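I opened this structure to look up two things, the surroundings of the ligand and the layout of the sheet, and I note below what I found.

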Amino acid sequence: MTPLLEVDEVDVFYGDVQALFGLTVTVAQGETLAVIGANGGGKSTLLKTVAGVLRPARGDVRLQGTSLRGVPAHRRVGRGIAMSPEGRRLFPSLTVEENLLVGAHSGRPGPWGLARVYELFPLVSERRARPAANLSGGEQQAVAIGRALMANPELLLLDEVSLGLAPVVVGQLYAALPTITEQGTTVLVVEQDVHQALAVADRVQCLLEGRTVLEGPAASVDMAALSAAYFGVS
Ligand code: ATP
């Protein structure tokens, strides 16, 4: 069966600096893949390449077998790719509800709407009329995930959900993932917190300096090999 997402041997540069080196990432329909790795490994660059914010100098990104070459970021939402970016990037002066509605703007019809997102994150529901800037970091992260869901994506990209949040809050956010995947949504999550990544993912792929150093099913990963790969110890 054709995978939902194929990132096929991409090279990605920032000016003269190469961040991804012939990187291949494949995500099957309905699967949750966690891409892990230390700072600078290329995780955010990978997500930005899939979302269309960055263009590969070589290689291709395909969704359901169709190349996304030349499809700009805002049109990829309509193709079924939505991202909750690193740092959340909410509109601080807009209310929570307004931020969520922005997510629906160029999205698709589907199961997710305000009521569903509020059901998933009840705390967000209680804060719906407040400016996003007034929320805690964890609440803002929930809004960012909710905003991406409002587009009814086939593929949900989550960048560093845990960044700057207390472990208990991170756990609460990731507890929403099964409800999301039950809707048939495929998830590509980038995460520095290896234990969280292993807890939520079907498969993990570890990047180091823009290349894959280890990949496999989350349930049977060899922790010694993973920590060596993570830190680049051979
Ligand atoms: P982090 O967890 O720190 O975000 P990461 O695994 O997501 O790390 P990337 O942010 O994708 O890694 O960075 C990969 C490489 O690209 C690094 O060497 C980084 O220095 C470089 N890089 C990232 N953003 C830029 C940029 N805007 N300009 C130049 N180089 C960049």
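**Ligand shell, then sheet**

I began with the ligand and listed the 13 residues around it, of which G40, G42, K43, S44 and T45 come nearest. I keep in mind that this is a predicted model.

Sorting the shell by residue class, I noted 3 nonpolar, 7 polar and 3 charged residues. I also asked which element gives the largest share of this shell, and found that it is α1, with 3 residues.

Next I looked up individual polar atoms. For G40, a backbone N or O atom lies 2.8 Å from an oxygen atom of the ligand, and for G41 a polar backbone atom is 3.0 Å from a ligand oxygen. With Q192 the contact comes from the side chain, where a polar atom lies 3.1 Å from an oxygen atom of the ligand. I then checked the ligand's area, which is 620 Å² exposed when the ligand is taken alone, with 62% of that buried by the protein.

Turning to the sheet, I traced an open arrangement of 6 strands with mixed pairing, in the order β6-β7-β8-β3-β9-β10. Because β6 (81–84) and β10 (211–217) each have a single partner strand, they stand at the edges and one side of each is left without a neighbour in the sheet. Within the sheet, I followed β7 (residues 155–159) and β8 (residues 186–191), which pair in the parallel sense over 5 bridges; L156 has V187 in β8 as its bridge partner.

Finally I returned to α1 (residues 43–51), which packs on this sheet and touches β3, β6, β7, β8 and β9, its direction making about 150 degrees with that of β7.

Definitions and conventions:
Residues are numbered from 1 along each chain as its sequence is written. This is a predicted model: local features need pLDDT of at least 70, side-chain atom pairs count only at pLDDT 80 or more; totals for chains, interfaces and linings use all residues. Side-chain values use heavy atoms; hydrogens and water are left out. Two strands pair if DSSP finds at least two bridges between them. Helices (H or I, at least four residues) and strands (E, at least two) are DSSP runs, numbered from the N terminus. Contact means heavy atoms within 4.5 Å. Axes are lines fitted to C-alpha atoms, for helices over the stretch in contact, and angles run from 0 to 180 degrees between N-to-C directions. A residue is near a molecule or strand if one of its heavy atoms lies within 4 Å of it. A polar contact is a pair of N or O atoms within 3.5 Å; within protein, one must be able to donate a hydrogen and the other to accept it, and residues adjacent in sequence count only if both atoms are side-chain atoms. Accessible areas come from the Shrake-Rupley method with a 1.4 Å probe; for residues, only the protein chains shown count as cover. Ala, Val, Leu, Ile, Met, Phe, Trp, Tyr, Cys and Pro count as nonpolar, Asp, Glu, Lys and Arg as charged, and the others, Gly among them, as polar.
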